[in-house]
Amino acid sequence: MKHNLLEKLGVSIPQLGLGCMRLPTDNDTIDYAHAQKIVDYAMKNGVNYFDTAYMYHNGESQYFLGKALAKYPRESYFLTNKLPIWYCKEPADMEKIFQDQLQRCRTSYFDFYFMHSMNDEHWKMAKDLGLVEFMKQKKKEGSAKAIGFSFHGNLPLLEEMVEAAEWDFVQLQLNYLDWDKQNAKGFYEVLEKKGIPCFVMEPVRGGYLATLTPSTQEVFQKAAPERSMVSWAYQWLLSKPNVKVVLTGSSSLEQFVENVSLFNTLPPLSEKESAVIDDAIRELNAIPTVPCTGCRYCMDCPAGVDIPAVFAAYNYRASHHTTAQVRKKYEEIPAGARADACVNCRACCDKCPQSIDIPAELARIKEEIYAE
């Protein structure tokens, strides 16, 4: 696996990292045996970067990684974690969470430590509680070797935040569809100008770019019939020089093996291939969808709506055109968990990293799903 040098830190990290938010599960808990095989394959193949967070798999992701990596020398892999400032009521809570994370992961330090999911609200909390100074202190102590943040805000906020400290990295949602659709290009260019390495989450937009409409697939297949949709998404990212690591949230060993193979074999993106992706983007932009990545930060809904499931059913049109197929997918959701159960309490809105107006989208879906 190719590694990228982080010059300021003097370390090289693999261009592919294992995101541990969507590990294989069995009855809603992590399938440890299956997930261990993924970790072992990753270590064997030079993918020694593991990304977790305080709430992934309801906290179990951290415990799993602590156990799964225990048989490997600590210096042989890179381990990340993230501090969710919205869990903190007072400054002392930051230290409590940090120590809890170290214990759960069975480690004395994190190689990369994040302020998690920064947007306007979370940044205000961070400033009120002194999170930036806390991060700096952890780096000074050596319990966080490098510090940065994952970002879900707007461009002015990013421009403000990059000036707040000497950040070692910033993690962005970056993919070929969001480059223009959500101005990811502008975010990327801010980091590039500041010389801050860009780490990438949601490279296939929560799986959306892995299964596309027949018309969009046709664009890619005409250019290269043997290639997968995912390979185009990864190749596009690898063409960006300031992208230093791309996270894959593999939920099976088979999926992860495929991703490792792609990263080891994909050539640089040519002008012709770039034009193919541009054509595919035009096809995708013609399809009304909700930009949900299925992260489930919005859950649980007080009214019982399964928000990610509703959006996934609506977005099913991205790979299946017929109204009947979309409606059937929607009706697989239990009646009390569909869009019509929304009471517009808006408890979900501040939690959404994509800044989706969730009640408005649910209302629209309720009308459109049976419109034809």
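Helix H1 buries Ala35, Gln36, Ile38, Val39, Ala42 and Met43. Those residues span an arc of only 155° around the axis, so they sit on the same side of H1. I should say now that this is a predicted model.

In general, an α-helix has 3.6 residues a turn, so residues three or four places apart point the same way. On the other side of H1, the exposed residues are Ala33, Lys37 and Lys44.

What do the buried residues of H1 pack against? Three strands and two helices: strand E3 (16-19), strand E5 (29-30), strand E6 (49-51), helix H2 (60-68) and helix H11 (253-265). H1 itself covers residues 32-44, and its 13 residues reach 18 Å from first C-alpha to last, close to the 18 Å expected. After H1 comes Gly46, with a positive phi near 80°.

Next, Phe199, in strand E11 (residues 198-201). Phe199 has a relative accessible area of 0%, so it is buried. Leaving out residues up to four places away in sequence, Phe199 touches a list that includes Leu6, Ile13, Tyr49, Phe112, Phe114, Phe169 and Val245. Phe199 and Met135 are 64 residues apart in sequence, and their C-alpha atoms are 18 Å apart.

Last, the cysteines. How many disulfides does a search of the whole structure find? Zero. For Cys301, the nearest cysteine sulfur is that of Cys345, 5.8 Å away. A disulfide needs the two sulfur atoms within 2.5 Å, so that pair does not count. Cys348 is in no disulfide either, with the sulfur of Cys349 nearest at 4.2 Å. Cys301 counts as buried because its relative accessibility is 16%, and Cys348 counts as buried at 10%.

Key: Residues are numbered from 1 along each chain as its sequence is written. This is a predicted model: local features need pLDDT of at least 70, side-chain atom pairs count only at pLDDT 80 or more; totals for chains, interfaces and linings use all residues. Side-chain values use heavy atoms; hydrogens and water are left out. Helices (H or I, at least four residues) and strands (E, at least two) are DSSP runs, numbered from the N terminus. Buried means under 20% relative accessible area, exposed over 50%, partly exposed in between (1.4 Å probe, protein chains only). Contact means heavy atoms within 4.5 Å. The expected span of a helix is 1.5 Å times one less than its number of residues. The arc is that of the directions from the helix axis to the C-beta atoms.
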